[in-house]
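Q: Please take a close look at one part of this structure, and describe it for someone who has not seen the model before. After that part, go on to whatever else helps a new reader find the way around.

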Amino acid sequence: MIKVKRFAFNSAMANCYVVSDETKECVIIDPCAQDNYEREQFRRYIQDEGLKPVRCLLTHGHYDHLLSGDQVRDEYGLYPEVHNRDKLWIDRIEIRIKEVFGDDGFEYDIVKPVHYLSDNEVITFGSHYLITLHTPGHSPGSAVFYCENEHIAFTGDTLFRLAIGRSDLLFGWIDDLMNSLKYITTLMPDDCTIYPGHDLESTIGYEKENNPFLLPSWYKKDRAKKHLVILTGAGISKESGLSTFRDNDGLWKNFNAQELASIQGYRRNRAAVLDFYNARRRRLAEVEPNHAHKVLAELEKDYIVSIITQNVDDLHERAGSTSVLHLHGELRKVTGSNNPNDPKCIVEKPLDEPILIGEKAADGSQLRPFIVFFGENVPNMKQAERVVENADVFVVIGTSLQVYPAAGLKESVPWNIPCFVIDPAEFRQEDIYGFEHIKTTAVEGIDILKEKLASL
């Protein structure tokens, strides 16, 4: 039986794993201890357990996953091994460390591989083995180490608990990442435990049901059920008592969007922006999901339902929807100012607790709302496009289809599927070409939609 010991090391809180069995042979995955205290923790565990390290593996070639390669080399005679396509990263690792820490940063001795791994290469230790699965996207040579007999996988920065790896770093690519995620979530059984490169472990089954970045159509596609994709905007939450933005009584009639909702405004006056979002967080705690939210959740009985929302509230989740992709962030969550999409910085914060000046994220930067400000990229757009491309029915509720990039999702809709838009507003015909317009509010229109869906 395999025993897995996890350490969270260095300023990036990267996970280092020591994987052993009854023979006492072990594999080290991502040796990333940074300072002497962390290295001593690592050393003492191997010593106290009487382990014999036989291989040292890297899930990918980013510096935060191999900072103690020199310790493993000097104490156990092992060199790190990484997939051959991440030689790109290994060759520029010193440059990257200087970019992050400067010339006067921590002392380091980067140990480079003498052997590069190939796809499906088998790593043996004791009476067990790991299979190297090439999963590019976060980096060209990202890999998952899979123990199929024990239903255990070390997923690196490809798949996290309720998150996926970044694809916007140098040499990353979203299309590769999505293909890799489909590969491992369809290959591995639901009871497979995943040990990611950051954060806590999870299971494949849990991620299939709860990870908003995974496509239901990959593994849930029952041809008896249609895949219903819903794009929602402020109009659906207006009927719960939350203000819209661009209506005559919307927020931007009373507030300056560029000062309170842009990255430039945040840099000029953080206190004002935090006050604005703290007020919105308090207001969210006072409202409840409405009939439209609840019906969308109920539709999961008869359809595979994927909700893509421009809203930053959690009313879909509170109503019971289980697959919700937020394009513009989430009011319930906070993150760091330096890198707002860093998974280790994104945490939930009670709505009745204000975000304060001086309050720090995990990376030491000022805490801020987990909101996509004007002037920032929308990181989930590529994922949203792929959800829409897999739709059997596409529905728009409570949005004008004028705000980009979200409005551009209609360009990803398959040409031959039924499409509906529920909104009381007038639309230019070219904006909703191919859509059936249910010209009423979300609460009234949702029951009309149910009837129309039943007749398809």
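A: What follows starts with one helix and its partner, then turns to another helix pair and three loop residues. The model is predicted.

The part chosen is helix 5, which covers residues 174-187. Its partner is helix 15, made of residues 381-389. The axes of the two helices come within 10 Å, and they cross at roughly 55°. That angle makes helix 5 oblique to helix 15. The crossing of helix 5 past helix 15 is right-handed. Which residues meet where helix 5 and helix 15 touch? From helix 5 come Ile174, Asp175 and Met178, and they meet Lys382, Gln383 and Arg386 of helix 15. Sorted by class, this contact holds two nonpolar residues, one polar residue and three charged ones.

Helix 5 also contains threonine 185. Is threonine 185 buried or exposed? Threonine 185 counts as buried because its relative accessibility is 0%. The side chain of threonine 185 has two backbone oxygens to consider. With the backbone oxygen of leucine 181, the side chain of threonine 185 makes a polar contact at 2.6 Å. With the backbone oxygen of lysine 182, a polar atom of the threonine 185 side chain is 3.5 Å away.

A second helix pair can be read in the same way. Helix 1 spans residues 36-49 and helix 2 spans residues 69-76. The axes of helix 1 and helix 2 come within 11 Å and cross at roughly 35°. Helix 1 and helix 2 form a right-handed crossing. On the helix 1 side, the residues in contact are Arg39, Phe42, Arg43 and Ile46. Facing them in helix 2 are Asp70, Gln71, Val72, Glu75 and Tyr76. The contact between helix 1 and helix 2 divides into four nonpolar residues, one polar residue and four charged residues.

Next comes a loop residue, glutamate 239. Where is glutamate 239 found? Glutamate 239 sits in the loop that joins helix 8 (234-238) to helix 9 (251-254). Glutamate 239 counts as partly exposed because its relative accessibility is 32%. Leaving aside residues up to four places away in sequence, glutamate 239 touches Asn290, Thr441, Ala442 and Val443. With one of these, alanine 442, there is a polar contact: the glutamate 239 side chain reaches the backbone nitrogen of alanine 442 at 3.0 Å. Proline 289 is 50 residues from glutamate 239 along the chain, and the C-alpha atoms of these two residues are 8.8 Å apart.

Two further loop residues deserve a look for their backbone angles. Most residues other than glycine have a negative phi. Methionine 13 is not a glycine, yet its phi is positive, at about 50°. Methionine 13 lies in the loop between strand 1 (3-9) and strand 2 (14-20). With a relative accessibility of 42%, methionine 13 counts as partly exposed. Leucine 162 is also not a glycine and has a positive phi, of about 60°. The loop that holds leucine 162 runs between strand 11 (159-160) and strand 12 (163-164). Leucine 162 counts as partly exposed, with a relative accessibility of 34%.

Terms used:
Residues are numbered from 1 along each chain as its sequence is written. This is a predicted model: local features need pLDDT of at least 70, side-chain atom pairs count only at pLDDT 80 or more; totals for chains, interfaces and linings use all residues. Side-chain values use heavy atoms; hydrogens and water are left out. Helices (H or I, at least four residues) and strands (E, at least two) are DSSP runs, numbered from the N terminus. Buried means under 20% relative accessible area, exposed over 50%, partly exposed in between (1.4 Å probe, protein chains only). Contact means heavy atoms within 4.5 Å. A polar contact is a pair of N or O atoms within 3.5 Å; within protein, one must be able to donate a hydrogen and the other to accept it, and residues adjacent in sequence count only if both atoms are side-chain atoms. Axes are lines fitted to C-alpha atoms, for helices over the stretch in contact, and angles run from 0 to 180 degrees between N-to-C directions. Angles under 35 degrees count as roughly parallel, over 145 as roughly antiparallel, 65 to 115 as roughly perpendicular and the rest as oblique. A crossing is left-handed if the near helix is turned anticlockwise from the far one by less than a right angle, and right-handed if clockwise. Ala, Val, Leu, Ile, Met, Phe, Trp, Tyr, Cys and Pro count as nonpolar, Asp, Glu, Lys and Arg as charged, and the others, Gly among them, as polar.
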